[in-house]
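Take a walk through this structure, one site at a time. Keep the sequence at hand as you go.

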Amino acid sequence: MREHTADRAADRPGAELRGDCGSCFGLCCVALPFARSADFAVDKDAGTPCANLRTDHRCGIHARLRERGFTGCTVYDCFGAGQRVSQVTFGGRDWRTGPPERARRMFDVFPVVRQLHELLRYLTEALALPAARPVHADLRGALADTERLAAGTPEELSALDVAAHRQRVNVLLLRTSELVRAGTRGRRKNRRNADLMGARLKGADLAGADLRGALLIAADLTGADLRGADLIGADLRDAELTDADLTGAFFLTQPQVNAARGGPGTRLPDSVTRPVHWTAGR
Ligand code: SF4
């Protein structure tokens, strides 16, 4: 959450689809609920500001998040929803200074826009994949629709059936995945939604695999070949990616990578950056 990224998000390509905490009113630290767990040291209701959030919308324990039990905050990314809701949807009006109803609406809208921005992130990536050319026209249409929805008023966003829109986009992302993975040599394993928690996959050949929604929590993927794999929605929390090769893996997001374990030998696709904590100690 607040300021966890390796470098200034605004300085990178595609910055509008990555969190820019400096342009946000700390929405993720207020709008989202926490359940006390290995990721969060405390319980917190949606709409309640985290006790560590300062009045300038910065995190009071930013440099010590992991040691204080807030690993989940170092993993999270809003895909740029925070700055859009703060600066565009609500025109730069801070939830702290307005009426409570406006603040509540802001907190309701934030998770909706986050889902739309996540879709924009996937659609933008899909359009950059040459193998997906047969569906590029459809992808462009879905991108325009999603952008139009994300630019809605607070009232429109509150009323939006975002799950239905996700389903429509997902059909296209599935087709994209088939087209991209068809170009992978060898067997393309189907591990969609597979329960691989703690699985021993050291050195496994998962090139071109369908790992959509796979549970890979704490799986040992040391040295695994994940080139060209579809990792959309795969749960990589504490998965060991040391020396794994994810070159060309697609629909892999920064929060997924942030939640995994890796090192200097992990090869990542260009769409994500190497988490700071991979080199600064775990
Ligand atoms: S601990 Fe810091 S980053 Fe995490 S929710 Fe609280 S204020 Fe935000």
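Start at the ligand, in what is a predicted model. The ligand has 11 residues around it. Those that come nearest are Cys29, Phe34, Cys50, Cys59 and Cys73. What kinds of residue make up the shell around the ligand? By class, 9 are nonpolar, 1 is polar and 1 is charged.

Now turn to His57. Its place is in the loop between α1 (28-31) and α2 (71-75). Is His57 buried or exposed? Its relative accessibility is 7%, so His57 counts as buried, the limit being under 20%. The side chain of His57 also has a polar partner: one of its polar atoms lies 3.3 Å from the backbone oxygen of Phe25.

Helix α1 holds Ala31. Ala31 has 5% relative accessibility and therefore counts as buried. Which residues does Ala31 touch, leaving out those up to four places away in sequence? They are Ala46, Gly47, Phe107 and Phe110. Leu120 is another matter. Ala31 and Leu120 are 89 residues apart in sequence, and their C-alpha atoms are 21 Å apart in space.

Phe107, one of the residues that Ala31 touches, leads on to the aromatic rings. A pair of aromatic rings is described by the distance of the centres and the angle of the planes. The count here comes to 4 aromatic pairs. One of them joins Trp95 and Phe107: the ring centres are 5.5 Å apart and the planes stand at 70°, so the pair is edge-to-face. This pair links distant parts of the chain. Trp95 sits in the loop between α3 (81-89) and α4, while Phe107 is in helix α4, 12 residues apart. Both Trp95 and Phe107 are buried.

Phe250 and Phe251 also pair. Their ring centres are 5.1 Å apart with planes at 70°, so this pair is edge-to-face. Both Phe250 and Phe251 are buried. Ring pairs bring in Tyr122 as well, linking Tyr122, Phe250 and Phe251 into a cluster.

Finish with helix α7, residues 162-181. Helix α7 has 20 residues. From its first C-alpha to its last it reaches 28 Å, close to the 28 Å expected at 1.5 Å a residue. Which residues of α7 are buried? Among them are Val162, His165, Val169, Leu172, Leu173 and Thr176. An α-helix has 3.6 residues a turn, so residues three or four places apart point the same way. The cover over the buried residues of α7 includes α4 (100-127) and α5 (136-150).

Methods:
Residues are numbered from 1 along each chain as its sequence is written. This is a predicted model: local features need pLDDT of at least 70, side-chain atom pairs count only at pLDDT 80 or more; totals for chains, interfaces and linings use all residues. Side-chain values use heavy atoms; hydrogens and water are left out. A residue is near a molecule or strand if one of its heavy atoms lies within 4 Å of it. Ala, Val, Leu, Ile, Met, Phe, Trp, Tyr, Cys and Pro count as nonpolar, Asp, Glu, Lys and Arg as charged, and the others, Gly among them, as polar. Helices (H or I, at least four residues) and strands (E, at least two) are DSSP runs, numbered from the N terminus. The expected span of a helix is 1.5 Å times one less than its number of residues. Buried means under 20% relative accessible area, exposed over 50%, partly exposed in between (1.4 Å probe, protein chains only). Contact means heavy atoms within 4.5 Å. A polar contact is a pair of N or O atoms within 3.5 Å; within protein, one must be able to donate a hydrogen and the other to accept it, and residues adjacent in sequence count only if both atoms are side-chain atoms. Rings of Phe, Tyr and Trp (its six-membered ring) pair if their centres lie within 6.5 Å; planes under 30 degrees apart count as stacked, over 60 as edge-to-face and the rest as tilted.
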